[in-house]
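Subject: Structure handover

Hello,

Here is the structure you are taking over. Please open it before reading the notes underneath.

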Amino acid sequence: MIYEIAEDMKKAIENKCDAYEIYIDEDRAIQLDSLKDELNFAKEEIDFGIGVRIIKDNKIGFAFTSNLDKIEETGLQAIENSKLTKIDENYAFAEVEKVKDVKKVYDSKFDDLSVDESVELLKDTIAIANDSGCEVTGSGFSAGGGKSLIINSNGISIENEGTGFGLGLSVTIQKDGEIATAYNSQSSRFFDIDAEKLASDVCNLAKSSLNTKPVETNDYDVVLDYYASIGLLNTFLNAFDGENVLRGRSILKEKLGQEITSPSLSITDNPLLEKGMYTSKCDGEGSVSQKTDLIKDGILNSFIYDIYTANKADTKTTSNGLRGTYITTPTISPTNLEFKFDEMKDLSEIEEGVLTTSVLGAHTANPISGDFSVEASNAFKIENGEVAYPIKKAMISGNIFEIMKSVEGLKSEIKQYGSFIIPKLLVHSLRVVGQ
C-alpha cells in the first residue's frame, strides 16, 4: 500500500516540476503519564501521512496530508507553494548510493504491545519506588514503532523501520524537614527496559541527597554525570551545525584541522550504530547513512550538514538532514554521537572535587561563546577518591569550549541519552560557588 500511495503522488507531480521527493510515514505510538502515583494520561495513536517536496525553477515547495483522498491535491499544493519561495540554486535532492544494512532497530514485541501491558509496567515502576520509601511525583512510558519510505526523482527508494521505548521517573523524599528529589530515565530500541533498576536507582539517588552540607567556593575537578553532561554538551554540539557555521554563529568556524578538545577524545556521528536510537539506512531526505568523525584525537575534522547547507558550503552532505514525521521538512541534527576516550580516569584518582548528577539552567548558556552558569542538582562532594556527602545548592560556571580542551572520561557505564553515547565526564578547574 505504501508504495502504491507513493506512485500516485509521483504520477500527480512528476511532469509538473523539475525534481521531487516523496516521504511517507506510518507509525503507532503509546504514551502514558502519571501525576504523582496516579495514571492521568494514556493514549494510543496511529498516524499515517505523506509529505512532498518539489523543486521548480530553482524554487522549493512543500506540502503534506494525512488524507489519502487528497494525494494529487497535496502534490499540486507543493508546486503552488514553491511560487512563494526565493530562487536558490542550492536546492537539491539525494542521489543514489549503495545502502548499508542496519541492525537491531526493530523489536517485534512492539507489534503485540498493548496499552494495558504498558500501564502495568508503569504501575510496577511506581510501586517499586513507593516500596523503597520514595514518593513518586511523576512518571511516564512511551513506545513507538513504524516505517517510512522515501523516494525521489533521482531514483532513491529507501524504506526504514524502527521501534523505540522510554521510561522516566521522578521522586521526592522527606526526612527531618529536608526534601530531596531525583529523576532518571531509560530508553532503548528494544522492550528491555529495566523498571526495577530504574526505580531503585532513582530512589537511592534521592535518599543519598539528604543531609546536605555546604561546599566551599573554589575551583574544582567536576564529575558530570550523564544528564549533567548532555545539558552542557548540547551547547557544544550547536557549534557543529553547518548552518550555524555558515551564518557565523559557531566559534569553531575557522578551526577545522585544529585541536579543540583533549587529544584523548574522538567524537563520531554514527547513524549505522547497532541498536542506536537514531540508527537508520538514510536520513530524512534520502541521503545514505554514513559515519562522520567530528573530532579525531582532539582535532576538529568535520561539521554536520544536510544537502542544502552542504551545497552552500561547497561540500557534501553528512547525512544529517533528519525529520521525525511527514509534516516537517528535514533539519540538521546529529544522530548517534559516540564519545570515545583513549584513557579513562577512575573516581579514586580525584582527591577533591564535586559530582553533579544534573544541572539546571543549561538552556541559558551562550550558544556562541559557550559561557554557562548552572545550578548543580543532586550534587556531592568528592574527597580522597570517594563520594563523601551531598552538597547544598551550588552554582557551577565555566565555558564549554574551554573545559572540553582538557575533558576526560570517567570509568563508568557507556549509556545513550538522546543523541549522546557517553561515559561520565571529568572536567577540570570549574568554578563552584557554594550557597
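The notes below go from the whole chain to its cysteines and then to one glutamate.

Please keep in mind that this is a predicted model.

Overall fold

The chain has 8 helices and 20 strands. Its radius of gyration is 24 Å, while the globule rule gives 22 Å for 435 residues; the two values are close, so the chain is as compact as a globular protein of that length. Measured out along the principal axes, the C-alpha trace covers about 75 × 55 × 35 Å.

Of the 435 residues, 51% are buried. If we take the contacts between residues at least 6 apart in sequence, 72% of them join residues at least 24 apart. The accessible surface is about 20200 Å², and carbon and sulfur atoms account for 45% of that. The chain carries 45 positive and 72 negative charges, and the mean positions of these two sets lie 3 Å apart.

Cysteines

There is 1 disulfide in the structure. It is formed by Cys134 and Cys203, whose sulfur atoms are 2.0 Å apart. The link of Cys134 and Cys203 is right-handed, with 100° about the S-S bond. This pair connects distant parts of the chain, 69 residues apart: Cys134 sits in the loop between helix 3 (115–131) and strand 4 (135–152), and Cys203 belongs to helix 4 (residues 195–208). Both Cys134 and Cys203 are buried.

Why is Cys17 not bonded to Cys282? The closest cysteine sulfur to that of Cys17 is in Cys282, but it is 20 Å away, which is too far for a bond. Seen from the other side, the sulfur of Cys282 has its closest cysteine sulfur in Cys17, again at 20 Å and too far for a bond. Cys17 counts as buried because its relative accessible area is 11%, under the 20% cut-off. Cys282 is likewise buried, at 4% relative accessibility.

Glu383

Glu383 lies in strand 16 (residues 371–383). Is Glu383 buried or exposed? Neither label fits: its relative accessible area is 33%, so Glu383 is partly exposed. Leaving out residues up to four places away in sequence, Glu383 touches Glu351, Ala388 and Tyr389. Asp176 is 207 residues from Glu383 along the chain, and the C-alpha atoms of Glu383 and Asp176 are 26 Å apart.

Regards

Technical notes
Residues are numbered from 1 along each chain as its sequence is written. This is a predicted model: local features need pLDDT of at least 70, side-chain atom pairs count only at pLDDT 80 or more; totals for chains, interfaces and linings use all residues. Side-chain values use heavy atoms; hydrogens and water are left out. Helices (H or I, at least four residues) and strands (E, at least two) are DSSP runs, numbered from the N terminus. The radius of gyration is taken over C-alpha atoms; the globule rule is 2.2 Å times the number of residues to the power 0.38. Buried means under 20% relative accessible area, exposed over 50%, partly exposed in between (1.4 Å probe, protein chains only). Contact means heavy atoms within 4.5 Å. Accessible areas come from the Shrake-Rupley method with a 1.4 Å probe; for residues, only the protein chains shown count as cover. Lys and Arg count as positive and Asp and Glu as negative; His and the chain ends are not counted. The place of a charge is taken as NZ of Lys, CZ of Arg, CG of Asp or CD of Glu. A disulfide is a pair of cysteine sulfur atoms within 2.5 Å.
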